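Me: I should like to learn how to read the features of a structure that is new to me. May we go through it one feature at a time?

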Number of protein chains: 2
Amino acid sequence: MAETSFFASVKAWLIRIAVKIVVAIPPLHRYVNRRLINRFAYAAGLRPRPFSMAAPYTTWRGLTDRRYSGRHLPEARGYTSRLPSLESVTAVFQRTDDRRATDTSLLFPFFAQWFTDSFLRTQWKPPAEQDFAHNESNHEIDLCQIYGVSEAQTRMLRALEGGRLKSQIRDDGEFPVALFEETAEGLALKAEFEGLYTPDNFHRVFDGATDEHKKNAFAVGLEHGNSTIGNTLMNILFLREHNRIAGVLAKAHPDWDDERLFQTARNVCIVLLLKIVIGDYIVHIAPIPFPLMAVPGMAERERWYRTNWIAVEFALLYRWHDLIPATVTFNGDTRDGSALRRNNAWLFDAGVDRICLDASAQLAGRIGLGNTADFLMPVKDHSLHMARTCALPSYNAYRRHFGKSPAASFEDLTGERDWAAKLKSLYGSIDDLEWFVGIFAEGYDETDMMGDLLTTMVANDAFTQALTNPLLAEAVYNADTFSQEGLAIIDATDSLADVIVRNTGLTDRTKLGFTLKT
Amino acid sequence: MAETSFFASVKAWLIRIAVKIVVAIPPLHRYVNRRLINRFAYAAGLRPRPFSMAAPYTTWRGLTDRRYSGRHLPEARGYTSRLPSLESVTAVFQRTDDRRATDTSLLFPFFAQWFTDSFLRTQWKPPAEQDFAHNESNHEIDLCQIYGVSEAQTRMLRALEGGRLKSQIRDDGEFPVALFEETAEGLALKAEFEGLYTPDNFHRVFDGATDEHKKNAFAVGLEHGNSTIGNTLMNILFLREHNRIAGVLAKAHPDWDDERLFQTARNVCIVLLLKIVIGDYIVHIAPIPFPLMAVPGMAERERWYRTNWIAVEFALLYRWHDLIPATVTFNGDTRDGSALRRNNAWLFDAGVDRICLDASAQLAGRIGLGNTADFLMPVKDHSLHMARTCALPSYNAYRRHFGKSPAASFEDLTGERDWAAKLKSLYGSIDDLEWFVGIFAEGYDETDMMGDLLTTMVANDAFTQALTNPLLAEAVYNADTFSQEGLAIIDATDSLADVIVRNTGLTDRTKLGFTLKT
């Protein structure tokens, strides 16, 4: 469905002009903001959904127990039993060429993974026990990446002094503290962090990890917090921001105790993240370059303002591992993309500032078939297995559910012939194409970064679960909740670049961001 | 504020005529139904509320962790520290005379206690540990009275056969099974019910209970399920209804397994309860004799459709112990009201059918000051202590919050002089009157059953948390969820009398109900 490059650029130019006019008139800006968000938020049936992973029919448990993952559409067991073999399908994801995004920087996947890891938390169990029905999500954007998933975990991570999180000062600034310590028997989890992660999650991530990885691992909110350079980078930036804000509040409110300083700084930090997600991150994803805003109180006036419940489709459609390019360069040192994994050592070598700059100045991979690195293929394989175990209906079934006309043919879907032929040989009929493959097979314009249904489904789940955050509620969003100082910080924050500049030696915002900087 | 009896009865007659006209025109009925419900549902700020019992200021935990009770208004510590002594105030509740309700039958408090015990679950701890901040509520009308509070508890109560709950057939019909059994060391909790209640709750209720009480105790969903004859009666009726429905479904769907039969019967039973709550119970409470309806999908179109969160004020305002009259008569046997407590033996003597009839044919007590039986005074004392520990603001502060003009004087509040003088001597100024006393001091007409603010607050919390039940959602309320048979049962149920007639030897609905039958 990709347009020719000339018409696409004329269209893009016209859209930019229109957007400038709209943004110049604040009430019009808010109106269009609301209309755009609602277009996606109302694209499919609202929660509560009749089905969840608790049972193939409607049960009280399935309607209320959010430890079971939600689902947009009910099981289609008959359909999934007729699908081509897993191996034959998985192969379509494998990278054949180092294709890059049009203008998406490597900072984008760094943020995307870190952000989504916090609420897309399918429960992990050893393969024999894995049922995919359960999740460990809090179903909220709560910055559990730095605060931990529950009250007990949060306490372990707090300095319990000055409202701050535990941290250490190294040569190049503030960092989380170490998770492990040297003992007579070798590296061991520090006693103060016993129980920070569930035993299953801890063993999954750290069993078999090298001593170097453990030595460099930081005590952060999630077990995956040290798994990639991107996760570590974001944790460092937001930990610094939290402690910086706690300091600002402590100065302004000498009578506040640690608890109040901590809770207020956390309220502020969560809203900073929400503002970045809507106004920077989703704006980059959106097919139209429109400055979306997280307007407090807006969502409450809409019918989609419902209790959050992460669906299994949301967890799966976010498997954007294609964004990790074949090679990555920091400080002139080029390595295979796999070097991003469990490698805080490389982050120390290059330095936080350099990585922020370099990640903003190199392209991410392109989302689509044939572009998943070898080392990430097991994730795609596992995802497809999960989609089938959950008996998700076909790609066209989801198109219909999200109010779109079904794809008429494989060419119609992909906008080209080679992939279309490959998929046709696998599935025969476009109506039999499976959803997890279809969303990555969608053709899209140069100005976009993913296809039509994928964009709609991301936006639907994102808007209806980010903008329902209680901190954005009209009765909550005020100086009592954030303090005057906190409100000023919120008002002064529009992008991830703002947080980076406040917490590194970098000063030039124009060199930082999700859109490639040169 | 009570009117003279003549004008009151003319007014009542006019209202009845108007209601008849409205109900005769279904779209008008639905319109007025919605308007009436909305009047109460929008009476105060919507959830999410900035404050909860987690902290005196807004915290992430306080906005998201529903194990902390909600609260409508923030702490007023300065105010509560100036209040008259607890003892001097508690005395105003003590029964001085056996005052009865105008037309409310004893069946009403039987149902009210049983119903509210399921979601007003302030966490109980031994006095030294009690903090009133936590609750054990599921925040939903989920019939946990017969199903238990969680999946594990539900399994203990299920027969795991035919979709039924465990039950026994006695001479006079079906009953839950016994909770205790005879052992060499005396009566002991049956092994199959180990963990049915938390240790704290179990010890609280059964430590010190007589052997007779234990011997007669049934295995039901809540620890308080055997604490009064009313609770036991309702548990028996709804267990019978569940098993009856499971039987209907099993006959219609011979291919369904126990699990599907159970879950579907539960879906149906919960909606029966919701229909009875809105269309029978609240209709009886309402100042206007209007047939309210739980219209599926209606609430979703309203801004008050928000995640449930039981507030501490809701738990306290429901302390309607005044409804228990000085004496109770079953089968010609008149006893002190306290004989209703821990007395399944009396229920066996009189029989389920007789109690349904007799409870419908005798008056409940009148809600108001000076009408709490001695044996229930500790509850009022504890409630006032709780209200103060929670630092609830004044009666007039709540009037303002619920959009009402503040009471101008004690006479204005009570509509008479004696109580007004007593309260004035305690509090001095009407603006210093505490809320928990004020809601019971309100004067009201003969046609009503409680005062103005109390009615509004009950209705606000009830409507906004009952009609948000996921089973009433448009996408859920259908034959897939309930089966055709289940839908037919739902359609055929408007009142508690319907459930009684289906599950006892009684056949005359006109002899059964919350309004006194003669």
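Me: Which residues does A:A441 touch, not counting residues up to four places away in sequence?

Reply: Please note at the outset that this is a predicted model. To read such a feature, one looks for residues that are in contact although they are set apart along the chain. In this case A:A441 touches A:L369, A:L413, A:T414, A:W419 and A:L423. A:A441 itself belongs to helix α20 of chain A, which covers residues 435-441.

Me: Is A:A441 buried or exposed?

Reply: The idea is to count the other C-beta atoms around a residue; a residue is buried if 20 or more lie within 10 Å. A:A441 has 25 other C-beta atoms within 10 Å, and therefore it is buried. One may also compare position in sequence with position in space: A:A441 and A:I367 are 74 residues apart along the chain, while their C-alpha atoms are separated by 9.1 Å.

Me: How many bridges pair strand β4 of chain A with strand β5 of chain A, and in which sense?

Reply: For paired strands, one reads the sense of the pairing and the bridges. Strand β4 (residues 180-183) and strand β5 (residues 186-189) of chain A are antiparallel, with four bridges between them. Among the bridge partners, A:T183 is matched with A:G186 in β5(A). The link from β4(A) to β5(A) is a hairpin through two residues.

Me: Where is the residue A:L143, and what is its phi?

Reply: Here one reads the sign of phi and asks whether the residue is a glycine. A:L143, a residue other than glycine, has a positive phi near 55 degrees. The residue is in the loop between α6 (107-116) and α7 (144-147) of chain A. A:L143 counts as buried because 21 other C-beta atoms lie within 10 Å.

In chain B, B:R342 is not a glycine, yet its phi is positive, at about 35 degrees. B:R342 sits in the loop between β7 (333-336) and α14 (344-350) of chain B. It has 22 C-beta neighbours inside 10 Å, so B:R342 is buried.

Me: Which peptide bond that leads to A:P48 is cis?

Reply: For a peptide bond, the angle to read is omega. The bond from A:R47 to A:P48 is cis, with omega near 0 degrees, and A:P48 is in the loop between α2 (26-41) and α3 (60-64) of chain A. In chain B, a cis peptide bond joins B:R47 and B:P48, with omega about 0 degrees. B:P48 lies in the loop between α2 (26-41) and α3 of chain B.

Me: What turn and shift lay chain B on chain A?

Reply: To relate two copies, one superposes them and reads the rotation and the shift. A turn of 180 degrees with a shift of 0.0 Å along the axis lays chain B on chain A, with an RMSD of 0.0 Å. The relation is therefore that of a two-fold axis. Within chain B, the residue closest to this rotation axis is B:T307, whose C-alpha is at 2.9 Å. Both copies use the same surface, as 100% of the contact residues of chain B recur in chain A.

Me: How many residues does each chain bring to the contact?

Reply: For an interface, one reads the residues on each side, then their elements and classes. Chain A and chain B each bring 31 residues. On the side of chain B that touches chain A, α3 (60-64), α12 (258-285) and α22 (479-491) of chain B are the elements that give two or more residues. The most comes from α12(B), with five residues. By class, this side of chain B holds twelve nonpolar, eight polar and eleven charged residues.

Conventions
Residues are numbered from 1 along each chain as its sequence is written. Chains are lettered from A and ligands numbered from 1 in the order in which they are written. This is a predicted model: local features need pLDDT of at least 70, side-chain atom pairs count only at pLDDT 80 or more; totals for chains, interfaces and linings use all residues. Two residues are in contact if their C-beta atoms, placed from the backbone, lie within 7 Å. Ala, Val, Leu, Ile, Met, Phe, Trp, Tyr, Cys and Pro count as nonpolar, Asp, Glu, Lys and Arg as charged, and the others, Gly among them, as polar. A residue is buried if 20 or more other C-beta atoms lie within 10 Å of its own, exposed if 12 or fewer, and partly exposed in between; C-beta atoms are placed from the backbone. Copies are superposed by least squares on the C-alpha atoms of residues with pLDDT of at least 70 in both. Two strands pair if DSSP finds at least two bridges between them.
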